Amino acid sequence: MVKILVVNGPNLNLLGEREPGVYGNSTLGEINAGLVEAAAQMDVELEFYQSNHEGGLVEALHRAGEEFDGAILNAAGYTHTSVALRDAVKAIGVPVVEVHLSNPAAREDFRHVSLLAGVVAGTIAGFGPGSYLLAVDWFAFQAKADDEDGDGDDFEDDEYEDDDDEPDDEEEDGTEDR
Ligand code: DQA
């Protein structure tokens, strides 16, 4: 089971009432509840942290590095300003996916710069709560790919191994594989 910490920054505790035209009508609690359900289907376990304080977010990332397989980070306004969060992402040894509900590239100029973009595994933006879901999906996909490379007890070996000793194009009866 992959364990991911979902970290939300300032003002995201006000989702549902905050600029619904930009961020939608769902509360953070509702988004998180939907994510837990979807993640369980993908064998991903989620924990959530939200803070309006930069230091709390830095510490949450440190914790992600120690106790989790990765983090999903919506740093909200700190995306555009925080060297400390960028440094934290860089300091920890697990992948972080940057997410945004809105598409900052389509908004005011000051949102076009993300100090995190250069140090995260990738960025998903503009899909509302779906941005978080796509990030969870990537972690699930990645875990599966790692497993197939790793212990050998995977779909590739089990289902596709040709267990005779003949070269693949020359079966015992002299016929060729079709
Ligand atoms: C946000 C985009 C940021 O620019 C903004 O400051 C936020 C939310 C988003 O999820 O769309 O607070 O991160």
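Five strands make up an open sheet here, lined up as β2-β1-β3-β4-β5, and the pairing is parallel. Two strands count as paired if DSSP finds at least two bridges between them. The edges belong to β2 (44-50) and β5, each of which pairs on one side only. From one strand to the next, the twist averages 20 degrees; axes here are lines fitted to C-alpha atoms (for helices, over the stretch in contact), and angles run from 0 to 180 degrees between N-to-C directions.

Before going further, some ground rules. This is a predicted model, where local features need pLDDT of at least 70 and side-chain atom pairs count only at pLDDT 80 or more, while totals for chains, interfaces and linings use all residues. Residues are numbered from 1 along each chain as its sequence is written, and side-chain values use heavy atoms, with hydrogens and water left out.

Now zoom out to the whole chain. The protein chain has six helices and five strands, and from the N terminus its elements run β-α-α-β-α-β-α-β-β-α-α. Those elements are DSSP runs numbered from the N terminus: helices are H or I with at least four residues, strands are E with at least two. Of the 178 residues in the protein chain, 37% are buried, and the cut-offs are relative accessible area under 20% for buried, over 50% for exposed and in between for partly exposed (1.4 Å probe, protein chains only). The accessible surface of the protein chain comes to about 10,100 Å², with 47% of it belonging to carbon and sulfur atoms; the areas come from the Shrake-Rupley method with a 1.4 Å probe, and for residues only the protein chains shown count as cover. As for contacts (heavy atoms within 4.5 Å), take those in the protein chain between residues at least 6 apart in sequence: 73% join residues at least 24 apart.

Start the closer look with β1 (residues 2-8), which pairs with β3 in the parallel sense over five bridges. Along that pairing, Ile 4 stands opposite Gly 70 in β3, and Val 6 stands opposite Ile 72, also in β3. With β2, β1 pairs in the parallel sense over seven bridges; there, Asn 8 has Gln 50 of β2 as its bridge partner. Six of the seven residues of β1 are buried, so this strand is largely enclosed by the rest of the structure.

Next comes β4 (residues 96-100), where five of the five residues are buried, so the strand is largely enclosed by the rest of the structure. Val 96, Glu 98 and His 100 point one way from β4, Val 97 and Val 99 point the other way, and all are buried. Three bridges tie β4 to β3 (residues 70-74), and the two run parallel. One partnership links Ala 71 to Val 96 in β4. To get from β3 to β4, the chain passes through helix α4 (residues 83-91), and this β-α-β crossover is right-handed. That label applies if, with the strands pointing away from the viewer, the path from the first strand over the helix to the second runs clockwise. Four bridges join β4 to β5 (residues 122-125), again in parallel, and Val 99 stands opposite Ile 124 in β5.

What about α4 itself? Its Leu 85, Ala 88 and Val 89 are buried. They sit on the same side of α4 because they cover an arc of only 100 degrees around the axis, the arc being that of the directions from the helix axis to the C-beta atoms. In general, an α-helix has 3.6 residues a turn, so residues three or four places apart point the same way. On the other side of α4, Lys 90 and Ala 91 are exposed. The cover over the buried residues of α4 includes α3, β3 and β4.

Two more helices lie across the sheet strands. Helix α2 (residues 28-41) lies across β1 and β2, running at about 165 degrees to β2. Helix α3 (residues 54-67) lies across β1, β2, β3 and β4, at about 175 degrees to β1.

Finish with Glu 54, which is found in α3. With 27% relative accessibility, Glu 54 counts as partly exposed. Leaving aside neighbours within four places in sequence, Glu 54 is in contact with Tyr 78, Ser 82, Ala 84 and Leu 85. Its C-alpha atom is separated by 7.8 Å from that of Gly 9, although the two residues are 45 residues apart along the chain.
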